[in-house]
Amino acid sequence: MKVLVVSPPNSNTVIDGASCTVTRPEEHTDWSDFPNLGVLTLASALRAVPGVEPVYLDGTVMPWPEVPAYVEDNAGDILALCVSALTATYEAGLHLCRAAKRINPRIVTIFGNDHITALPRECMSARRGVIDYAFVGNEVVGGFVAFVAALAQGREPAGGYAGLLAYRDGELRGEAQRPEPIYTALDYSLIDRGFDHSRLYRDNFAKRVSPTFHELTGRRVHAGVPVEIGRGCIKFARDDACSFCSIQFGGLWRNSVPDAETAWEVVRAAHDEGFDYLYLTSDELPLTFGKLLRGMAAAPPGWWSALPEDDRPVLVGYARADGLSDERRATTLRSLGVRQLMVGLDAGTPTSLRAMNKPLVSIREANSPFGAEKMFDHNVRALKSAENAGLLLKVGFVVGHLGMDERLLRENVDSMKAMLDSGVGSIASLDVEVLSPEPGSLDFKMLLDPAGALARARELGVTLPDRNRHEELARRWRDTDLIDRESAMADYVEAVMPGLTLDDLAAARAEVRRYGKGLGVTIGG
Ligand code: B12
Ligand code: SF4
C-alpha cells in the first residue's frame, strides 16, 4: 500500500480566487529550488513500516495537476495521504484531500507542519471529513510511523501516538509530542521514486540560486538541500520569541544531533548525494548551537579537510545579529564553510525593539548588555565582524509593531538607513518586509486579543487606536483556519498602530529598499 507524503504548492497559484498568502510572491520563488526535508524525513521514516511504500511528492515543483492524477491512478492502492502544510500552502492541501476522498473515501488524510500546529482546533473543526487526523508539533516522527503502522495492519489506531490530534466520540482530543532525536537516516533516493523531482530542482537552482551566489561569492554551486543538524533558537528557551516569529518550536526549544561527529556525517551524507549548497535549518546558529559548531570546527573529518576549499560544500544558515557581534563566532562559522547567513537586523528605537520582543532579555532587565538599548551597537559590530570573517549577510528588516505611530515609523526608517550605511561591506542582499501577523506568532495573538494587546501596550508605554474597532477586527480572525495574509496585515495595522495604514508601512518599506539599492545592495535576492 502506498502512503503519499505531499508538500502542496502556494495555494493561490493553483486555486482560482484563493487569497495570496505570501507578499510579493514573485520574489519568493526559492521554495522550488530544494527538496523538502520534512517530507523526505517522513517518507524515509515510513520505510520501517512493513507493507508500506512511501511516496515523496513535492507540489511546489511538479506540475500540480499531476498530483491528483497520481492519486486517481493509484486510488485503490493508497492507504494514506499525508500533507505537510504551511499557511501559504494549506488550502491547496485541502483541495487535494477533497479530491482524494471523492475518488476513494477510504483514503485516510493526515495533516502536519506549522499551519495546523499553530491553528489545530480551527483547522480540525472547520475541515471535518477532509482532514481525518493531524500531528501537531515537531517531535512527531515516532508517533506518525507507529500510527501508519497501525493503519497498515488494519487496526483502528486508538491512542498512544505522540502529537496525534483526532476526533474521538465526537470530541477533539490531542496527545502531547514526546522528545525524540533528530531523524538523520534519510533515503535521498525516495526523492525521485514517484516522480523525477531532482531534474526540476536542479533546473530551478541553476537558474535562480547559482548565478546570484556566484556573483556574490565567486563560488559556483550546483544543487541545494536543507540539512538538519539542529533546530531551535535561543529565544525559545524562555518561550519569548520575537513578536512576529511564527516558528512552531514544538516540545523542545532546541534539539540537535548528539555530537560534532554526527553533524559531520549529516553534512557528508548530503554532499555524497551531489549537493554542494547545504541550507542549515537551525533557526539561529551562533547563540543556540555554539558548542556543536565549535566541536565541528575543532574536529573536521578527513574527507572534508582533504577537499580543496572550493570543492567543499557551502553552508548557509540563520543567525541573530547579536550572535555575530563576537568575532570568534563569525570566524568559527566561516571555518566550517558557512559563506552566507540570513540575519534579521535590529534597527529602530529601544521602544520598537521591545515591542517586537527582539532583545534577548525581558523589558524588566533594561540594564542588561543584551537589552534593547545596546542592540544597534551589537548589530554594527556584527556587520563588521561578518565582513572581517568573510561572511556575506542576507539581511532583513521588519517594518511595523504594536503601538507604532508616525513618529516611531520615521525613527525606525532612519535607523534602518543608518545601519545599512554602516554595513555596506558585508551586506549581500536586503529584504524589507511589512509586519505580517502569521498564525502562531505573538502578533497574531495580539490581533485576536484586544485586551491582551492593551495590557502589552501599557507595559511598553505605547498607545493603541480604538479598542472597539479592534474588537470588530478581531472577530474576523477568530475561529478561522484560512488566513488571507494581506487582509490580516491591513487589519493588524488598523488595530494596533495609531494613525498608520498598510500603505504607510509599504511606503516605508519602499523607501528603505530604495536607499539600500542606492548603496549598491541587491534587493530581494
Ligand atoms: C528550510 C526552510 C525553508 C527552505 C526550504 C523549504 C523546503 N522546500 O524544504 C526555503 C528557503 C526554500 C523556505 C521557503 C519558504 N518558507 Co520556510 N522554512 C524553512 C525552515 C527554516 C526549516 C524547515 C525544515 O526543513 N525543517 C526541517 C524538517 C525536518 O522539519 P519540518 O519541515 O518542520 O517537518 C517536521 C515537522 O513539522 C513534522 N511535519 C511536517 N510536515 C508534516 C506532515 C505530516 C503529515 C506529519 C505527520 C508531520 C509533519 O514532521 C517533520 C519531522 O520532524 C522553517 C523554520 C522551522 N524551524 O521550521 C521555515 C518555515 C517553515 N518557512 C516558512 C515560510 C513562511 C516559508 C515560505 C512561505 C516563505 C516565503 N514567503 O516564500 C516559503 C515556502 C516554502 C514551501 N512552500 O516549501 C515558515 C512557515 C510559517 C507558516 N506557519 O506557514 C517557517 C516556519 C519559518 C517562519 N516562521 O517564517 N523555507
Ligand atoms: S531570533 Fe529569529 S528564530 Fe529566534 S525568535 Fe526571533 S525571529 Fe524567531
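Thr109 is buried in this predicted model: 22 other C-beta atoms sit within 10 Å, and the cut-off for a buried residue is 20 or more. The residue belongs to strand S4, which covers residues 108-112. Once neighbours within four places in sequence are set aside, Thr109 touches Leu81, Cys97, Ala100, Val130, Ile131 and Asp132. Leu81 is 28 residues away along the chain, yet the C-alpha atoms of Thr109 and Leu81 are separated by just 4.9 Å.

Ala176 offers a contrast. This residue sits in the loop between S7 and helix H7 (197-217), and it counts as exposed, with 12 C-beta neighbours inside 10 Å. The cut-off for exposed is 12 or fewer. As for distance through space, the C-alpha atoms of Ala176 and Thr349 are 40 Å apart, with these positions 173 residues apart along the chain.

Zooming out, the domain assignment splits the protein into domain 1 (2-174) and domain 2 (196-523). Their C-alpha centres lie 27 Å apart. The contact draws on 29 residues from domain 1 and 33 residues from domain 2. On the side of domain 1 that touches domain 2, the elements giving two or more residues are helix H4 (114-118) and helix H5 (120-126). H4 gives the most, with four residues. Sorted by class, that side of domain 1 has eleven nonpolar, ten polar and eight charged residues.

Now for the sheets. One is an open, seven-stranded sheet with mixed pairing, and its order is S2-S1-S3-S4-S5-S6-S7. S2 and strand S7 (171-174) are the edge strands, and each pairs on one side only. Ignoring direction, neighbouring strands here are turned by 25° against each other on average. An antiparallel piece of the mixed pairing shows up between strand S6 (residues 164-168) and S7, joined by four bridges. In that pair, Ala166 stands opposite Arg173 of S7.

Helix H1 lies across three strands of this sheet, S1, S2 and S3, and runs at about 170° to S2. Eight of the ten residues of H1 (residues 37-46) are buried, so the helix is largely enclosed by the rest of the structure. The buried set is Val39, Leu40, Thr41, Leu42, Ala43, Ser44, Ala45 and Leu46. What do these buried residues of H1 pack against? Their partners are strand S1 (2-7), strand S2 (53-58), strand S3 (78-84) and helix H6 (141-152).

The other open sheet described here also has seven strands, in the order S8-S11-S12-S13-S14-S15-S16, and its pairing is parallel. Strand S8 (224-227) and strand S16 (522-523) stand at the edges with a single partner strand each, so one side of each has no neighbour in the sheet. Helix H8 (residues 260-272) packs on the sheet, where it touches S8 and strand S11 (277-280). The direction of H8 makes about 160° with that of S8.

Further along, the pairings can be followed strand by strand. Strand S12 (residues 314-320) and strand S13 (residues 338-344) run parallel and share six bridges, and Tyr318 faces Met342 of S13 across the pair. S13 is joined in turn to S14 by five bridges, again parallel, with Leu341 taking Leu393 in S14 as its bridge partner. S14 then pairs with strand S15 (residues 427-434) over seven bridges in the parallel sense. Leu393 turns up again here, standing opposite Ile427 in S15. Strand S14 (residues 392-399) is mostly covered, with six of its eight residues buried.

Finally, there is ligand 2. The residues surrounding this ligand are Cys233, Lys235, Ala241, Cys242, Cys245, Ile247, Asp283, Glu284, Arg320 and Gly344. How does this shell divide by class? The residues come out as five nonpolar, one polar and four charged. Two members of the shell tie back to the parallel sheet: Arg320 falls within the residue range of S12, and Gly344 falls within that of S13.

Methods: Residues are numbered from 1 along each chain as its sequence is written. Chains are lettered from A and ligands numbered from 1 in the order in which they are written. This is a predicted model: local features need pLDDT of at least 70, side-chain atom pairs count only at pLDDT 80 or more; totals for chains, interfaces and linings use all residues. Domain bounds come from an automatic or database domain assignment. Two residues are in contact if their C-beta atoms, placed from the backbone, lie within 7 Å. Ala, Val, Leu, Ile, Met, Phe, Trp, Tyr, Cys and Pro count as nonpolar, Asp, Glu, Lys and Arg as charged, and the others, Gly among them, as polar. Two strands pair if DSSP finds at least two bridges between them. Axes are lines fitted to C-alpha atoms, for helices over the stretch in contact, and angles run from 0 to 180 degrees between N-to-C directions. A residue is near a molecule or strand if its C-beta atom, placed from the backbone, lies within 6 Å of it.
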